[in-house]
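The following dialogue shows how a learner may read the features of a protein model, with a teacher giving the general idea and then the case at hand.

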Amino acid sequence: MQPHPGLPLSATMAYSRHDDSFFIESDEPTFDRMNARCAAKMIARQRQDIIASELSRLAGEEYLEDIMEHMADMEEETLADANLIDMQREVQWFMRPYLIDFIIEAHAAFTLLPETLFLTVNLLDRYCSKRVVYKHHYQLVGCAALLIAAKYGDKKDRVPQITELNNMCCGLYDSGMFTQMEMHVLNTLEWAIGHPTVDFFTQLMAAEERDDAEVEHMAAYLCEIALYHRDFVSTKPSMMARASLALARAILGRSEVNDREWVHPENVTLVALSEHLSQPSPTLARKYATPELSRVSQKLSDFMADQAARARRAADPPTPPMEMAAKPSDIYSTPQKGHGAPPCYQGYLTPPITPDGVHFGHGQTQKDVYSAMPPRCPVTPTPHQNQGSVYAAQAQRGYASQHYMQY
């Protein structure tokens, strides 16, 4: 065969060589080799995980006491002071539920770890206890805290992007403002990010006391309800974990398994937490209404409705049946004085107003006279005096969490 004039000899020989398998697509040998290689890697990785888990267990048993002492010191050092947050000029406590709603929605949208949520709120509260925050920067501080918490403990591919957070904020801030606020939060907290969250203590106590998944989900729901209220900003995570687990067992009808004596602060936390369960955030209730979280929000709602019904029955017992008179009354007898008496009223009756000589005959009606009188009852308090009721009423009207800034 003569070589092609435009090709080298080796190329011509390769082109002219007859090979029946050249046009046959067969990946079986390569596929088998890849499968074997991947299987070997998976087996090696599983062995490494088993060895690492066993070493962690042995080390945990050996250093558990030292670990718990270190965690106790950390939760003392990284607690926010609610009294210092009270001194904020523009940021008020009634704004907090709207920001927590926004953080919970963003946390769920990016499928971040549970401890990331609690760490975010801790960073937010610690920053607000050290720096003056303007009202229009409150949401920006929350986003910066979420970014820091996600970078600290979550997977890299799940960390929110600044553009995504800016879209969730409806373009309220520039992209550079997120980075600047993130650095400002870190410098303010002196880069002390680590904080033993309530989720850590809840899992540790639940494993020790052998609680089921439903109790853990209910305890997590109660802990997130506590994020909305000032009463628990300065509460230790370990104390909150124990109170939420005990309350979760009571709600679900489980028996209390921990026989250790309760100290006074733990009792105060338990009672305070039980008083904030009647009107949880609708955003949080939707989150815990899924089957993956045992629908604990609906179970809590049913429990609170049952408790309210019992309280009503205890406060208003049924009226005993009236005894019939032994002697029937005579319909033809003269009515006695008490038969036609008007019913007795409790309180004060509004007396009729007689117009005097000034108002009489000058076109002013009795309705005008009544309207000119000062009110008898005290004026209804403003919404700022009853923050929880305001938030519940506004949440029912469907306010979105990102519009909290208008307050």
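The exchange below moves from the whole chain to its core, its surface, its loops and its salt bridges.

Q: What should be established before any feature is read, and how many helices and strands does the protein chain have?
A: One should first establish the origin of the coordinates: this is a predicted model. The secondary structure comes next, and the protein chain has 16 helices and 0 strands.

Q: Which share of the residues in the protein chain is buried?
A: Burial is read from relative accessible area, with buried meaning under 20%. Of the 407 residues in the protein chain, 33% are buried. The area exposed by the protein chain is about 27,400 Å², and carbon and sulfur atoms supply 57% of it.

Q: How are the contacts in the protein chain distributed by separation?
A: The general idea is to ask how far apart contacting residues lie along the sequence. Among contacts with a separation of 6 or more, 77% are accounted for by residues 24 or more positions apart.

Q: Which residues touch the most other members of the largest nonpolar core?
A: A core is read by looking for the members with the most neighbours inside it. The largest nonpolar core has 77 residues, and L123, L124, Y138, M218, Y221, L222 and L300 touch the most other members. Helix α6, spanning residues 138-153, gives the most to this core, with 11 residues. At least three residues come from each of domain 1 (82-189) and domain 2 (198-313).

Q: What does L123 touch, leaving out residues up to four places away in sequence?
A: Setting sequence neighbours aside leaves the contacts made by the fold. For L123 these are A145, I148, A149, L189 and I193.

Q: Which residues form a nonpolar patch on the surface?
A: Nonpolar side chains may also be sought on the outside of a model. Here I51, L55 and L58 form such a patch, with about 300 Å² of accessible area together. Within this patch, L55 belongs to helix α2 (residues 28-77).

Q: Why does L55 count as exposed?
A: The cut-off for exposed is over 50% relative accessible area. L55 counts as exposed because its relative accessible area is 54%.

Q: Where is T235 found, and is T235 buried or exposed?
A: A loop residue should be judged by its accessibility as well as by its place. T235 is found in the loop between α10 (213-226) and α11 (237-251). T235 counts as buried, since its relative accessibility is 14%. Leaving out residues up to four places away in sequence, T235 touches L79, M240 and T269.

Q: Where does G194 lie, and what does G194 touch beyond residues up to four places away in sequence?
A: The same reading applies to a glycine. G194 lies in the loop between α8 (175-188) and α9 (198-209), and is buried with a relative accessible area of 16%. With those sequence neighbours left out, G194 touches M74, T78 and Y152. G194 and M74 are 120 residues apart along the chain, yet their C-alpha atoms are separated by 7.9 Å.

Q: How many salt bridges are there, and what does the pair of R254 and D212 tie together?
A: A salt bridge is read first by its atoms and then by the places of its partners. The count comes to 12 salt bridges. In one of them, the side chains of R254 and D212 meet at 2.9 Å, N to O. R254 lies in the loop between α11 and α12 (264-274) and D212 in the loop between α9 and α10, so this pair ties together parts 42 residues apart in sequence. R254 is partly exposed, with a relative accessible area of 32%.

Q: Are E266 and R242 buried or exposed?
A: Both E266 and R242 are buried. Their side chains meet in a salt bridge, 2.6 Å from N to O. This pair links distant parts of the chain, with E266 in helix α12 and R242 in helix α11, 24 residues apart.

Q: Why are R310 and D306 separated by about one helical turn?
A: Partners may also lie within a single helix. R310 and D306 are separated by about one helical turn because they are 4 residues apart in helix α14 (residues 296-315). The closest N and O atoms of their salt bridge are 3.2 Å apart. R310 is partly exposed at 48% relative accessible area, and D306 is partly exposed at 32%. Elsewhere, salt bridges that share partners join D212, E214, R254 and K299 into one network.

Technical notes: Residues are numbered from 1 along each chain as its sequence is written. This is a predicted model: local features need pLDDT of at least 70, side-chain atom pairs count only at pLDDT 80 or more; totals for chains, interfaces and linings use all residues. Side-chain values use heavy atoms; hydrogens and water are left out. A nonpolar core is a set of buried Ala, Val, Leu, Ile, Met, Phe, Trp, Tyr and Cys residues joined through side-chain atoms within 4.5 Å. Buried means under 20% relative accessible area, exposed over 50%, partly exposed in between (1.4 Å probe, protein chains only). Helices (H or I, at least four residues) and strands (E, at least two) are DSSP runs, numbered from the N terminus. Domain bounds come from an automatic or database domain assignment. Contact means heavy atoms within 4.5 Å. Patches are made of residues with over 30% relative accessible area and no salt bridge: like charges are joined within 9 Å, nonpolar side chains (Val, Leu, Ile, Met, Phe, Trp, Tyr) within 5 Å. Accessible areas come from the Shrake-Rupley method with a 1.4 Å probe; for residues, only the protein chains shown count as cover. A salt bridge is a side-chain nitrogen of Lys or Arg within 4 Å of a carboxyl oxygen of Asp or Glu.
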